[in-house]
Amino acid sequence: YYVKPKIKRYSRPIGNYDPVYVGIDQSYSGFAITFLDCEGDYYTTVAKFEGSGVKRLADIQKHLISQFDGEYPYEYADVAMEGYAFGSQMANMLGELGGMVKLTIHDRYKIQPLVVPPTSLKKFVTGKGTGVKKNQMLLSVYKKWGVEFDDDNAADSYALARIAAGHFSLEYEKEVYE
């Protein structure tokens, strides 16, 4: 039994340019995935799921696989996913979700995802790792790459795909990657 998630899409048509980099913001409020090709074109989805427990994890896993194996499966070069926010009230649930994502990507696609702590992601996008609000991340993603999102999960997954791509010019970007 699988409940299709409510999905919002953002994109510039992604081409058949290998390699493709993936950013994943695994969140229960909006599970976002961005596929970014070497030309800078991207495809981002944000899915919202119903239910709870193992059933919800199974639905998210099916969605993750359907996005990776989609209509036009690509050769995936690297994957970056957001790490866990320590002190979160949902720490156990987020740990289970993150573990499921890592295991699925490793087993099916033979990729060990790069886990990026939330503070490092903020520093990569804004130049500072603390005191950054969600609306500042949205604005900084737009200023930095000219890509507009109205969902913070989408913006985070896009920035994570940029980290996975490994193209850095600013010193603080290199620090985050290292």
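Visitor: Which residues is Thr34 in contact with, leaving aside its neighbours within four places in sequence?

Guide: This is a predicted model, so read every contact as a computed one. Thr34 is in contact with Tyr21, Val22, Gly23, Tyr42, Tyr43 and Thr44, and also with Ala154, Ser157, Tyr158 and Ala161. Thr34 itself lies in strand E3, residues 31-37.

Visitor: Why is Thr34 called buried?

Guide: Its relative accessibility is 0%. Buried means under 20%. Thr34 therefore counts as buried.

Visitor: What makes the pair Thr34 and Thr44 a polar contact?

Guide: The contact joins the two side chains at 2.7 Å. The cut-off for such a pair of N or O atoms is 3.5 Å, so the distance of 2.7 Å qualifies.

Visitor: Turn to H5. How do you know that helix H5 is largely enclosed?

Guide: Count its buried residues. They make up 13 of the 14, so the rest of the structure largely encloses H5.

Visitor: How does the span of H5 compare with what is expected?

Guide: H5 covers residues 152-165. From first C-alpha to last, H5 reaches 20 Å. The expected figure at 1.5 Å a residue is 20 Å, and the span is close to that.

Visitor: What is found at the two ends of H5?

Guide: Asp151 caps the N-terminal end. One of its side-chain oxygens lies 2.8 Å from the backbone nitrogen of Asn153. After H5 comes Gly166, with a positive phi near 70°.

Visitor: Why are H4 and H5 called oblique?

Guide: Their axes cross at roughly 45° and come within 9 Å. Under 35 degrees would be roughly parallel, and 65 to 115 roughly perpendicular. The crossing falls in neither range, so H4 and H5 are oblique to each other.

Visitor: Which hand does this crossing of H4 and H5 have, and which residues make the contact?

Guide: The crossing is left-handed. H4 contributes Lys134, Met137, Leu138, Val141 and Trp145. H5 contributes Asp152, Ala155, Asp156, Tyr158, Ala159 and Arg162.

Visitor: What makes H3 and H4 an oblique pair?

Guide: Helix H3, residues 118-126, packs on H4 at about 45°, with the axes 9 Å apart. That angle is outside the parallel, antiparallel and perpendicular ranges, so the two helices are oblique. The contact uses Leu121, Lys122, Phe124, Val125 and Thr126 of H3. From H4 come Met137, Ser140, Val141, Lys144 and Trp145.

Visitor: Ser140 has a relative accessible area of 18%. Why is it called buried?

Guide: The limit is 20%, and 18% is under it, so Ser140 is buried. Ser140 sits in helix H4. Not counting residues up to four places away in sequence, Ser140 touches Val125 and Thr126.

Visitor: Which residues of H1 are buried, and what covers them?

Guide: The buried ones are Arg56, Leu57, Asp59, Ile60, His63, Leu64, Ile65, Gln67 and Phe68. Their cover includes strands E1, E2, E3, E4 and E5, along with H2.

Visitor: How do H1 and H2 pack?

Guide: The angle is about 35°, and the axes are 10 Å apart. H1 passes H2 in a right-handed crossing. Among the contact residues are Leu57, Ile60 and Leu64 of H1, and Leu97, Met100 and Val101 of H2.

Visitor: Take Ile60. How do you know that it is buried?

Guide: Its relative accessible area is 0%. That is under the 20% limit, so Ile60 is buried. Leaving aside neighbours within four places in sequence, Ile60 is in contact with Tyr28, Phe31, Phe49, Leu97 and Met100.

Visitor: What makes the phi of Lys110 notable?

Guide: Its phi is positive, about 60°, although Lys110 is not a glycine. Most residues other than glycine have a negative phi. Lys110 belongs to the loop between helix H2 and strand E6.

Visitor: Why is Lys110 called exposed?

Guide: Exposed means over 50%. Lys110 has 66% relative accessibility, so it counts as exposed. A polar atom of the Lys110 side chain lies 2.7 Å from the backbone oxygen of Asp107.

Visitor: How far is Lys110 from Asp152?

Guide: The two are 42 residues apart in sequence. In space they are 28 Å apart, C-alpha to C-alpha.

Methods
Residues numbered from 1 in each chain as written. Predicted model: local features only at pLDDT ≥ 70, side-chain atom pairs only at ≥ 80, totals over all residues. Heavy atoms only, no water. Helix = DSSP H or I, 4+ residues; strand = E, 2+ residues; numbered from the N terminus. Expected span 1.5 Å × (residues − 1). Buried < 20%, exposed > 50% of the residue type's maximum accessible area, 1.4 Å probe, protein only. Polar contact = N/O pair within 3.5 Å; in protein donor to acceptor, adjacent residues only side chain to side chain. Contact = heavy atoms within 4.5 Å. Axes fitted to C-alpha atoms, helices over the stretch in contact; angles between N-to-C directions. Parallel < 35°, antiparallel > 145°, perpendicular 65-115°, else oblique. Left-handed = near helix turned anticlockwise from the far one by under 90°.
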